[in-house]
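Subject: Structure handover

Hello,

Here is the structure I said I would pass on. My notes on it follow below.

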Amino acid sequence: MEERILRVVIGENPPARLDKALAAHVPEEAALSRSRLAKLIAEGSVRCNGAPVTDQKSKVAEGDVFEIELEAPRPVETVAQDIPLTVLWEDEDLIVIDKPAGMVVHPAPGTNDGTLVNALLHHFGGNLSGIGGEARPGIVHRIDKDTSGLLVVAKSDRAHHGLAKQFEKHTVHRHYLAVCHGVPDAADPRLRGTRGVSFEAGNVLKVTSQLARHKTDRQRQAVIFDGGRHAVTRARVVEDFNSAAALIDCWLETGRTHQIRVHMAHAGHGLIGDQTYGGRRKLPAKQIGEAAAQAAASFPRQALHAATLGFVHPVTGEELSFSSPLPDDLETLIETLRAGSPKS
C-alpha cells in the first residue's frame, strides 16, 4: 500500500515522553491525534535516526528528528448509495446536513445500508480523507434514527479533529425542540424532590446525573449517580398546551447517547412518541381534547428535532450557525395540541 513520510522536528521545551512530544509538534494540517500517534508508535511506524521507536513513553529532546510512516487511507467497505440529502453548508472540509427522521447515521449490525454514511459516500464521490486511517466521512456526533435535524460531518482530517475538540470542550451550541408530557415547572413539589433535578433563573429545568447502559436492556441508557458518564441537560418551556403537554427548548452541556430523552423521562416529562423512555403514558383527552390525545398517542417517533447548530469552523475560524425548521409531522402535532388548548 502506498505510504508517505511525515518529518517532525522537536522544538523547545518538549514534553518528556514521545507520544506527547509528537502530538505537540506534528503539523496541524496532518491532524494526527495523540491516540493515533500512539498506535503508529506501537506499529513501528515512527523512526528516529533511521531506527524504529516503539515505546510511546520514550524520552525526547529538543532537535530530535522523527519520521512517521503514514499509510494511504484504506477505502471502507460501506456501499455508496444515491440517497437525497438536504445540505445546508458544504466546503472542502465539512458538510452540514438536515437529517430526516428515520435515517440511521452510521451503519451497524442489522442496518448496513440506507444510512447517512451511505448517502455521504455517494455525495462525496469517493473524495474522502483518511480519518482514523480509513477513507470515510468523519462522524463527530450523532442524532438518533428517529430524531430529525442538524448534523455536521467532517470531510478532512483537520476538520475532524478540530470539530471533535470543540465537542469535547462543549463549545458547540446545540438546541433541540421537543414535545413532552406535562409542563416542567419550578413550582412543582415533585420536581423539587427528584434527585438530579433543579431549576435555574427563568424557570429553566436542569437535569444533572451520570448516564450508563441499563443493567438489563443494553439498548437503553439509565440515570445513575455513581459511575457512568457525566451528563447535563437544560430545558425551558416554549409553549404550554393546557398543562397536558409542552413544547420545550432543550440544550446540552454534554452530549451522551439518548441524553435528552432519558433526562426528560427521569424528570417525569418524557417525550411524546418515545417508545423507549416514554412508556405508555397518554395525554388526558378531557384536558387536551380527543383529537390532540389521539395525535400524541399515534405519533410514530420521539417528538425531538435538532433545531439549531453553531460552531467555529475548524479550519477558517469562521463562526457558523444553522437552523432547521420543524418537520411536517412535528408541526402538525403541535398545531393539533394547540387547537386542543383553550384560548386565553
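Is His170 buried, exposed or partly exposed? His170 counts as partly exposed, because its relative accessibility is 42%. Please keep in mind throughout that this is a predicted model.

I begin with His170 and its surroundings. His170 sits in the loop that joins H4 to strand E12 (173-181). The phi of His170 is near 60 degrees, which is a positive value in a residue other than glycine. Most residues other than glycine have a negative phi. In terms of position, His170 comes just after H4.

Helix H4 itself covers residues 157-168. With 12 residues at 1.5 Å a residue, H4 should span 16 Å, and the C-alpha atoms at its ends are 16 Å apart, so the two values agree. Asp157, Ala159, His160, Leu163, Gln166 and Phe167 are buried in this helix. Glu168 also belongs to H4, but Glu168 is exposed, with a relative accessible area of 63%. Between the C-alpha atoms of Glu168 and Val140 the separation is 10.0 Å, and 28 residues along the chain lie between these positions as a sequence offset.

A positive phi also turns up at Asn242, with a value near 55 degrees, again in a residue other than glycine. Asn242 is in the loop between strand E16 (229-241) and strand E17 (245-252). Its relative accessibility is 28%, so Asn242 counts as partly exposed.

Strand E17, which follows that loop, holds two residues worth noting down. One of them is Ala246. Ala246 counts as buried, because its relative accessibility is 0%. Leaving aside neighbours within four places in sequence, Ala246 is in contact with Ala178, Val179, Cys180, Gly182, Val183, Val237, Glu239 and Phe241. Val197 is 49 residues from Ala246 in sequence, and the C-alpha atoms of the two are 18 Å apart in space.

The other is Cys250, also in strand E17. Cys250 is buried, with a relative accessible area of 0%. Not counting residues up to four places away in sequence, Cys250 touches Arg174, His175, Tyr176, Arg234, Ala235 and Ile260. Cys250 and Val237 are 13 residues apart along the chain, and their C-alpha atoms are separated by 8.9 Å.

How many disulfides does a search of the whole structure find? The search finds 0. A disulfide is a covalent bond between the sulfur atoms of two cysteines. For Cys180, the closest cysteine sulfur is in Cys250, at 7.6 Å, which is too far for a bond. The search takes a pair of cysteine sulfur atoms within 2.5 Å as a disulfide, and the 7.6 Å from the sulfur of Cys250 to that of Cys180 is too far. Cys180 is buried as well, with a relative accessible area of 0%.

Elsewhere in the chain, Thr115 lies in the loop between strand E7 (94-99) and helix H3 (116-124). Thr115 is buried, with a relative accessible area of 0%. Not counting residues up to four places away in sequence, Thr115 touches Gln81, Ile83, Met103, Val104, Val105, His106 and Pro107.

Some values for the whole chain:

- The chain contains 9 helices and 19 strands.
- Along the principal axes, its C-alpha atoms fill a box of roughly 80 × 45 × 40 Å.
- Of the 344 residues in the chain, 44% are buried.
- Of the contacts between residues at least 6 apart in sequence, 64% join residues at least 24 apart.
- The exposed area of the chain is about 17,300 Å², and carbon and sulfur atoms supply 47% of it.
- There are 40 positive and 43 negative side chains, and the centres of the two sets lie 9 Å apart.

Regards

Conventions. Residues are numbered from 1 along each chain as its sequence is written. This is a predicted model: local features need pLDDT of at least 70, side-chain atom pairs count only at pLDDT 80 or more; totals for chains, interfaces and linings use all residues. Side-chain values use heavy atoms; hydrogens and water are left out. Helices (H or I, at least four residues) and strands (E, at least two) are DSSP runs, numbered from the N terminus. Buried means under 20% relative accessible area, exposed over 50%, partly exposed in between (1.4 Å probe, protein chains only). Contact means heavy atoms within 4.5 Å. Accessible areas come from the Shrake-Rupley method with a 1.4 Å probe; for residues, only the protein chains shown count as cover. Lys and Arg count as positive and Asp and Glu as negative; His and the chain ends are not counted. The place of a charge is taken as NZ of Lys, CZ of Arg, CG of Asp or CD of Glu. The expected span of a helix is 1.5 Å times one less than its number of residues.
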